[in-house]
Amino acid sequence: MTCYDRRDLGLLLLRLGTGGVLVAHGTQKLFGWFGGHGLEGTGQFMESVGYAPGKASATAAGLAEAGGGTLLALGLATPAAGAAAAGAMAGAAAVHQPNGFFAQEGGYEYAASLGLAAAGLAIAGPGRLSLDHASGHVFDRGWMVPLALGVTAAATAVVVGARNRRVRQKTEGEQEVLFED
């Protein structure tokens with residue numbers, strides 16, 4: 001018989017809470033649940049804030065949030081789940097960054113908190129009260145943590161960088177040619 005300790009219980013609570021919020025957030029985008037706008041409405045919003053194509057961006061964000069959140073809550077494939085959710089939250093934080101930190105002003109506080117919790121779970125692991133533990137950590141090997149976080153960081157940098165260029169071009173307009181050949 002195994003005795004679970006405070007760490008296992010704490011990780012379970014953190015996984016269930018963070019995962020549950022991410023699932024709700026993602027299903028707003030994917031299905032319009034919990035007052036969300038579904039793929040059409042979210043796609044239009046994503047397009048308006050520089051993520052193009054909008055519907056594909058909404059699908060990717062919704063899957064990363066809902067899928068990553070579900071896997072985090074279950075404690076399954078924790079490195080990949082945490083990395084995917086953290087990447088989605090980094091993309092959300094980029095949208096809210098011009099409004100400062102605090103959420104009450106439209107800032108990135110909420111997205112940063114969810115992203116950091118998800119990344120922290122990817123690094124710390126799911127604990128013994130998890131499907132990863134029950135399956136012998138088949139999808140939770142030590143080498144998977146830097147791989148999942150590294151791949152997600154690179155992909156997120158590309159996507160957010162492209163979004164930031166589109167937003168900058170939209171606000172500044174196209175540059176004129178300074179010299180003709």
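This is a short tour of the structure above, stop by stop, with something to select at each one.

**Before you start**

The model is predicted, so local features are taken where pLDDT is at least 70 and side-chain atom pairs count only at pLDDT 80 or more, while totals for chains, interfaces and linings use all residues. Residues are numbered from 1 along each chain as its sequence is written, and side-chain values use heavy atoms, with hydrogens and water left out.

**Stop 1: the whole chain**

Show the chain as a cartoon and colour it by secondary structure. You will find seven helices and zero strands, running α-α-α-α-α-α-α from the N terminus on. Helices here are DSSP runs of H or I with at least four residues, strands are runs of E with at least two, and both are numbered from the N terminus.

The C-alpha atoms fill a box of roughly 75 × 40 × 30 Å along the principal axes. Switch on the surface: the accessible area of the chain is about 10,300 Å², and 65% of that belongs to carbon and sulfur atoms. Such areas come from the Shrake-Rupley method with a 1.4 Å probe, and for residues only the protein chains shown count as cover.

Of the 181 residues, 36% count as buried. Buried means under 20% relative accessible area, exposed means over 50%, and partly exposed is in between (1.4 Å probe, protein chains only). Among contacts in the chain with a separation of 6 or more, 66% come from residues 24 or more positions apart; a contact means heavy atoms within 4.5 Å.

**Stop 2: an aromatic cluster**

Select Phe 31, Trp 33 and Phe 34, which form one aromatic cluster. The whole structure has four aromatic pairs. Rings of Phe, Tyr and Trp (its six-membered ring) pair if their centres lie within 6.5 Å; planes under 30 degrees apart count as stacked, over 60 as edge-to-face and the rest as tilted.

Phe 31 and Trp 33 make a tilted pair, 4.8 Å centre to centre with 35° between the planes. Now move on to Trp 33 and Phe 34: this pair is edge-to-face because the planes are at 85°, with the ring centres 6.4 Å apart.

Is Phe 34 buried or exposed? Phe 34 is exposed, because its relative accessible area is 60%. Trp 33, at 47%, is partly exposed. To place Phe 34 on the cartoon, look in the loop between helix 1 (6-31) and helix 2 (38-48).

Keep the selection and show its surface. Phe 31, Trp 33 and Phe 34 make a nonpolar surface patch of about 400 Å². Patches consist of residues with over 30% relative accessible area and no salt bridge, with like charges joined within 9 Å and nonpolar side chains (Val, Leu, Ile, Met, Phe, Trp, Tyr) within 5 Å.

**Stop 3: Tyr 51 and its surroundings**

Next, select Tyr 51 and Arg 163. Arg 163 lies over the face of Tyr 51, 5.7 Å from the ring centre. A charge sits over a ring if NZ of Lys or CZ of Arg is within 6 Å of the ring centre and within 35 degrees of the ring normal.

Add Ser 57, in helix 3 (residues 54-74). What does Ser 57 touch, leaving aside its neighbours within four places in sequence? Its contacts are Met 46, Tyr 51 and Ala 52. Ser 57 counts as buried because its relative accessibility is 14%.

**Stop 4: salt bridges**

Side chains of opposite charge can pair when their charged atoms come close. The whole structure has four salt bridges, each a side-chain nitrogen of Lys or Arg within 4 Å of a carboxyl oxygen of Asp or Glu.

Select Arg 128 and Asp 5, whose closest N and O atoms are 3.8 Å apart. Arg 128 is in the loop between helix 5 (109-124) and helix 6 (131-134) and Asp 5 in the segment before helix 1, so their bridge ties together parts 123 residues apart in sequence. Add Asp 8 to see a network of salt bridges linking Asp 5, Asp 8 and Arg 128.

Then pick Glu 65 and Lys 29, with closest N and O atoms 3.0 Å apart. Glu 65 is in helix 3 and Lys 29 in helix 1, so this bridge ties together parts 36 residues apart in sequence. Glu 65 and Lys 29 are both buried.

End at Glu 40 and Lys 55, a salt bridge with its closest N and O atoms 2.9 Å apart. The pair links helix 2, home of Glu 40, to helix 3, home of Lys 55.
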